[in-house]
Structure formats: C-alpha cells, structure tokens
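Grab your viewer and work through a few exercises on the model below. Each one sets a task and then walks through the solution step by step.

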Amino acid sequence: NKIMIREELEDQQAIEQWLSKEAGRKVEIKSPKKGEKLRFVEMADNNAKITLENKERDRSEILVELKEVLGLDKLPRKIETFAISNISGEYMVAGMCVMVDGTIKRNMSRRFKIKTVLTQDDPKCMQEVVTRRLKHSIDNGNSSGFGKLPDAIFADGGITQIRAIQQAIKDVNKEIEETAKEKNIELTEKDRLNILVFGMVKNDKHQTRALMNDRREEIQISQELLNTITM
C-alpha cells in the first residue's frame with residue numbers, strides 16, 4: 001500500500017516500518033513532486049482544509065445561535081449540562097456533560113455520587129452537585145479537573161431544576177463574599193459568579209425539544225442545535 005502526502009517526513013523509514021507492522025502488509029510513504037499524483041495530493045489536501053473550515057464554521061454558528069436565542073452578552077464558549085438519575089428511588093447519581101466551543105468534550109464528563117441527600121429529591125441533588133462543582137473551581141482555580149467555570153448551565157429538567165441550580169450559584173456567591181469580607185478584600189462584579197441557567201424541555205419520548213428560562217418561557221432552537229446539546 002502507498003500513502004501519498006504533501007511533505008516529506010523525518011524518520012520516514014521508521015514510520016513506514018511501524019505502519020507496515022500495524023497493517024500486516026508493506027506500507028510505503030510517497031511525496032510526489034510533479035505529475036498527476038501531485039495533483040491528487042494537492043486536491044486531497046485542499047478538500048481536507050475545506051472540511052475542517054466547514055466544521056469550524058458549523059461550531060461557530062452553533063455558538064452564535066445559542067448567544068442570540070438565549071440573550072447572552074457573550075458567546076457561550078463553555079456549557080455544562082447536569083442530569084440526576086436513580087434506580088428505584090435509590091442510588092442517586094448525577095452526570096455532567098461539557099460542551100466547549102460547540103463541541104461535546106467527552107473526556108470532561110463527570111459522574112457524581114450524591115452525598116447529602118438521603119431521599120429521592122432531584123432538585124436537592126442538583127443543588128448539591130452544582131454547588132460542589134462550582135466550589136471545586138473556586139477553590140482550585142482553572143487548574144482543577146473541571147477547568148474554567150461555565151458560561152451557562154443547562155439542567156435536565158424544568159423550573160424546579162433551574163431554581164435549584166440558581167440557589168447553588170447564590171450559595172457559592174455568598175461564600176465568596178464572606179471569604180472576601182474576612183480577608184478585607186473588595187469584590188467586583190467579575191469576582192462573583194454570573195452564570196445563566198436554562199432547563200431542557202422534553203417531549204413524551206424524553207427527547208429535548210426546547211430550552212426554558214427562569215420565567216418558564218420556552219426557547220425554540222434549531223434541530224441542529226438540539227442534536228448538538230443532547231449528544
């Protein structure tokens with residue numbers, strides 16, 4: 001088998017040997033300099049660039065649509081979605097899904113065991129988990145496993161879940177203010193959490209059909225965006 005590439009590689013022989021071993025047959029790497037083979041390589045290179053540009057544009061359009069429909073002041077570059085689940089009312093757990101720049105980051109997904117809620121109370125569980133997540137970044141900065149704080153949070157649920165998350169944000173802000181007071185530090189608005197919260201409205205098949213704000217208003221979004229945020 002032959003692999004045609006635009007530029008010559010360093011350690012090409014070693015790479016050919018490794019590829020041959022992995023493929024179970026001889027693999028050669030060629031860098032044509034003229035003729036029809038060079039035109040094929042240039043065409044493939046151009047097609048790859050176009051595909052990448054289209055993907056980047058699609059992600060950018062997703063962010064712009066979210067900013068517009070949600071009425072945000074800036075692009076929601078990081079969105080975290082939280083959901084609560086249980087088995088027969090027991091073994092309460094929460095899941096977190098993260099979208100960065102319009103792309104789901106599966107390596108940033110997290111699963112939480114509920115620690116303080118002993119009964120089936122999804123809003124209380126949501127409040128606990130979001131509080132823990134936010135405090136983790138506040139206490140550890142961007143170097144924490146959660147990275148930067150989100151620009152927006154989506155709740156798998158309606159108004160009660162939205163209010164539970166808003167209460168978690170208020171609780172963390174209160175702790176920030178108390179700590180600043182103890183240290184005699186004057187806070188600015190940038191020091192306080194300002195994260196908008198939205199619910200995910202489901203249809204009878206438990207599929208997201210719209211978003212909801214804290215005024216119970218449903219926000220219609222495109223099917224492409226629905227597919228993205230519910231991956």
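Keep in mind that this is a predicted model.

**Exercise 1. Find out which rings make up the aromatic cluster, and describe a pair within it.**

Step 1. Start with the cluster: ring pairs join Phe82, Phe112 and Phe146.

Step 2. Now count the pairs in the whole structure: there are three aromatic pairs. In one of them, phenylalanine 82 and phenylalanine 112 sit 6.4 Å apart, centre to centre, with 40° between the planes, and the pair is tilted.

Step 3. Check where the two partners come from. This pair links distant parts of the chain, with phenylalanine 82 in strand β3 (residues 78–87) and phenylalanine 112 in strand β6 (residues 110–113), 30 residues apart. Both phenylalanine 82 and phenylalanine 112 are buried.

Step 4. Look at the face of the Phe146 ring. Arginine 110 lies over the face of phenylalanine 146, 5.6 Å from the ring centre.

**Exercise 2. Classify the ring pair of phenylalanine 154 and phenylalanine 198: what geometry does it have?**

Step 1. Take the two numbers: the ring centres are 6.2 Å apart and the planes meet at 85°.

Step 2. Apply the cut-offs: centres within 6.5 Å make a pair, and planes over 60 degrees apart count as edge-to-face. The planes of phenylalanine 154 and phenylalanine 198 are at 85°, so this pair is edge-to-face.

Step 3. Trace the pair back to the chain. It links distant parts, phenylalanine 154 in strand β7 (residues 152–155) and phenylalanine 198 in strand β8 (residues 196–202), 44 residues apart.

Step 4. Sort out the burial, for which the cut-off is under 20% relative accessible area. Phenylalanine 154 has 0% relative accessibility, so it counts as buried. Phenylalanine 198 is buried too, with a relative accessible area of 4%.

**Exercise 3. Check the spans of helices α1 and α3, then see what follows each helix.**

Step 1. Begin with α1 (residues 12–23). Its 12 residues should span 16 Å at 1.5 Å a residue, and the end C-alpha atoms are 16 Å apart, so the two agree.

Step 2. Do likewise for α3 (residues 122–140). This helix has 19 residues and reaches 27 Å from its first C-alpha to its last, close to the expected 27 Å.

Step 3. Step past the ends. Glycine 24, just after α1, takes a positive phi of about 80°. Just after α3, glycine 141 has a positive phi of about 75°.

Step 4. Pick out the buried residues of α3: among them are Cys125, Met126, Val129, Val130 and Leu134, and also Gln127, Glu128 and Arg133.

**Exercise 4. Two residues have a positive phi without being glycine: place aspartate 101 and asparagine 184, and say how exposed each one is.**

Step 1. Read off the angles. Phi is about 50° for aspartate 101 and about 55° for asparagine 184.

Step 2. Locate them. Aspartate 101 is in the loop between β4 (90–100) and β5 (103–104), while asparagine 184 is in the loop between α4 and β8.

Step 3. Assign exposure. Aspartate 101 has 25% relative accessibility, so it counts as partly exposed. Asparagine 184 has a relative accessible area of 72%, so it is exposed.

**Exercise 5. Profile the two largest pockets by volume, lining and residue class.**

Step 1. Go to the largest pocket, with a volume of about 770 Å³. Its lining has 24 residues, and the closest to the centre are Lys74, Leu149, Pro150, Asp151 and Asn194.

Step 2. Break that lining down by class: eight nonpolar, five polar and 11 charged residues.

Step 3. Move to the second largest pocket, which holds about 240 Å³ of space. Of its 14 lining residues, Gln166, Ile195, Leu196, Val197 and Asp214 are the closest to the centre.

Step 4. Ask which elements contribute. α4 (159–182) and β8 each supply at least two lining residues of the second largest pocket, and α4 gives the largest share, four residues.

Step 5. Finish with the classes: the lining of the second largest pocket has seven nonpolar, four polar and three charged residues.

**Exercise 6. Place glutamine 161 and relate it to alanine 83.**

Step 1. Glutamine 161 lies in helix α4. Its relative accessible area is 7%, so glutamine 161 is buried.

Step 2. Compare sequence with space: glutamine 161 and alanine 83 are 78 residues apart in sequence, and 9.3 Å apart in space, C-alpha to C-alpha.

Conventions:
Residues numbered from 1 in each chain as written. Predicted model: local features only at pLDDT ≥ 70, side-chain atom pairs only at ≥ 80, totals over all residues. Heavy atoms only, no water. Expected span 1.5 Å × (residues − 1). Buried < 20%, exposed > 50% of the residue type's maximum accessible area, 1.4 Å probe, protein only. Phe/Tyr/Trp six-rings, centres within 6.5 Å; stacked < 30°, edge-to-face > 60°. Lys NZ or Arg CZ within 6 Å of the ring centre and 35° of its normal. 1 Å grid on protein atoms, 1.4 Å probe; cavity = no way out; pocket = protein on both sides within 12 Å on 5 of 7 lines; lining within 4 Å. Points joined across faces, edges and corners; volume = space filled by probe spheres on them. Nonpolar A, V, L, I, M, F, W, Y, C, P; charged D, E, K, R; others polar.
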